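User: Please take a close look at the loop that carries the unusual peptide bond, and then follow the connections outward from there. A single connected account would be preferable to a list of separate points.

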Amino acid sequence: MRRPVSWLFLLFLLASPLSLPAAESVPAPGQAIDFTRLLPPPPAPGSVADREDRAVVQAWQQRRTPEMEAQAQSDAARTAQPFLPALGPGLSPEKLPLTMAFFETLRKDADTMLGEAKAHWNRPRPPQADPDIRPSLRLPHNASYPSGHSTYATAAAVMLAGMVPERATEIYDRAEAYRLNRIIGGVHYPSDIAAGRIAGTVIAATLLENGEFVESMCAAGAELRQNLGLAPRPCPGPGIAAKPAN
């Protein structure tokens, strides 16, 4: 029973403003956060939790359809593009240069902040631990825990919900499907995804304390809203609240 409690406790901390670092101590974009101290370690190989993780991946392998595999392939890209349909019709990357550039910067910052934790735990991917798991996605060369795609999707959803709050429900639902597709594709465990949700929320909250980053977010948000035909929104200063991902 201790492992679920630890996840709930971390989510409680994320919901509390006291868990956020002071503005003067916030890392600049691209600097590392010590997730090896924030996150619980992944399940130990052969443990009950590890077997449960593996069973979920195997179950999705049995039930996935060609359509599900195609969607998982489409969601392999860590860009803003998979999220555009959740915002509204008629959006294309070609019309959103600031938005696409902003989310590419977010991806790079998130990768840097997460890299030390991935290397620290160095968890093998599901097919590397179990030959009966056959992925429908290309197997990444880095470690499985925490999930970089889950981390990115969570942070991206926080940013997009700040830009277009009118579509927040659709954005967070899209992020949930995006995360699940990493399990359906056989390249991540559920615990990898759960850790990525926490990491992505922390990264988003940290970046939103950085003035330069918030300026870039506001410029991208203005571009998005103009393309959606929505009224402009005032640009907040650093420290705007980040809603934890559902």
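Analyst: **From a cis peptide bond to the helix contacts**

Pro146 is located in the loop between helix H7 (126-129) and H8. In this predicted model, the peptide bond leading from Tyr145 to Pro146 is cis, and its omega is near -10°. Most peptide bonds are trans, and most residues other than glycine have a negative phi. A departure from the second of these tendencies is found at Asn122, whose phi is positive, near 50°, although the residue is not glycine. Asn122 is placed in the loop between H6 and H7, and with a relative accessibility of 53% Asn122 counts as exposed.

H8, the helix that follows the loop of Pro146, packs against helix H10 (residues 190-207). The axes of H8 and H10 come within 7 Å and cross at roughly 40°, and the two helices are therefore oblique to each other. The crossing of H8 with H10 is right-handed. On the H8 side, the contact is made by Ser150, Thr151, Thr154, Ala155, Val158 and Met159, while H10 contributes Ile193, Gly196, Arg197, Ala199, Gly200, Thr201, Ile203, Ala204 and Leu207. By class, the residues of this contact comprise eight nonpolar, six polar and one charged.

H6, which precedes the loop of Asn122, has a packing partner in H11. The angle between H6 and H11 is about 145°, and their axes are 8 Å apart. H6 and H11 cross in a left-handed manner. From H6, the residues Pro97, Leu98, Thr99, Phe102, Leu106 and Asp109 meet Phe213, Ser216, Met217, Ala219, Ala220, Glu223 and Leu224 of H11. Nine of the residues in the contact of H6 with H11 are nonpolar, two are polar and two are charged.

Charged pairs add a further set of connections. Side chains of opposite charge can pair when their charged atoms come close. Over the whole structure, 13 salt bridges are found. Within helix H6 (residues 97-121), Lys108 and Glu104 are four residues apart, about one turn of the helix, and their side chains form a salt bridge with an N to O distance of 4.0 Å. Both partners are partly exposed: Lys108 has a relative accessible area of 47%, and Glu104 one of 28%.

A salt bridge with an N to O distance of 2.7 Å joins Arg225 to Glu166. Arg225 belongs to helix H11 (residues 211-228), whereas Glu166 lies in the loop between helix H8 (148-163) and helix H9 (168-184), so this pair ties together parts that are 59 residues apart in sequence. Arg225 is buried, at 5% relative accessible area, because the limit for a buried residue is under 20%. Glu166, by contrast, is partly exposed at 45%. Elsewhere, Asp50, Asp53, Arg54, Arg123 and Asp192 are joined into one network by salt bridges that share partners.

A buried arginine also takes part in the pair of Glu69 and Arg64. The closest N and O atoms of this salt bridge are 3.1 Å apart. Arg64 is buried, with a relative accessible area of 14%, while Glu69 is partly exposed, with 28%.

Methods
Residues are numbered from 1 along each chain as its sequence is written. This is a predicted model: local features need pLDDT of at least 70, side-chain atom pairs count only at pLDDT 80 or more; totals for chains, interfaces and linings use all residues. Side-chain values use heavy atoms; hydrogens and water are left out. Buried means under 20% relative accessible area, exposed over 50%, partly exposed in between (1.4 Å probe, protein chains only). Axes are lines fitted to C-alpha atoms, for helices over the stretch in contact, and angles run from 0 to 180 degrees between N-to-C directions. Angles under 35 degrees count as roughly parallel, over 145 as roughly antiparallel, 65 to 115 as roughly perpendicular and the rest as oblique. A crossing is left-handed if the near helix is turned anticlockwise from the far one by less than a right angle, and right-handed if clockwise. Contact means heavy atoms within 4.5 Å. Ala, Val, Leu, Ile, Met, Phe, Trp, Tyr, Cys and Pro count as nonpolar, Asp, Glu, Lys and Arg as charged, and the others, Gly among them, as polar.
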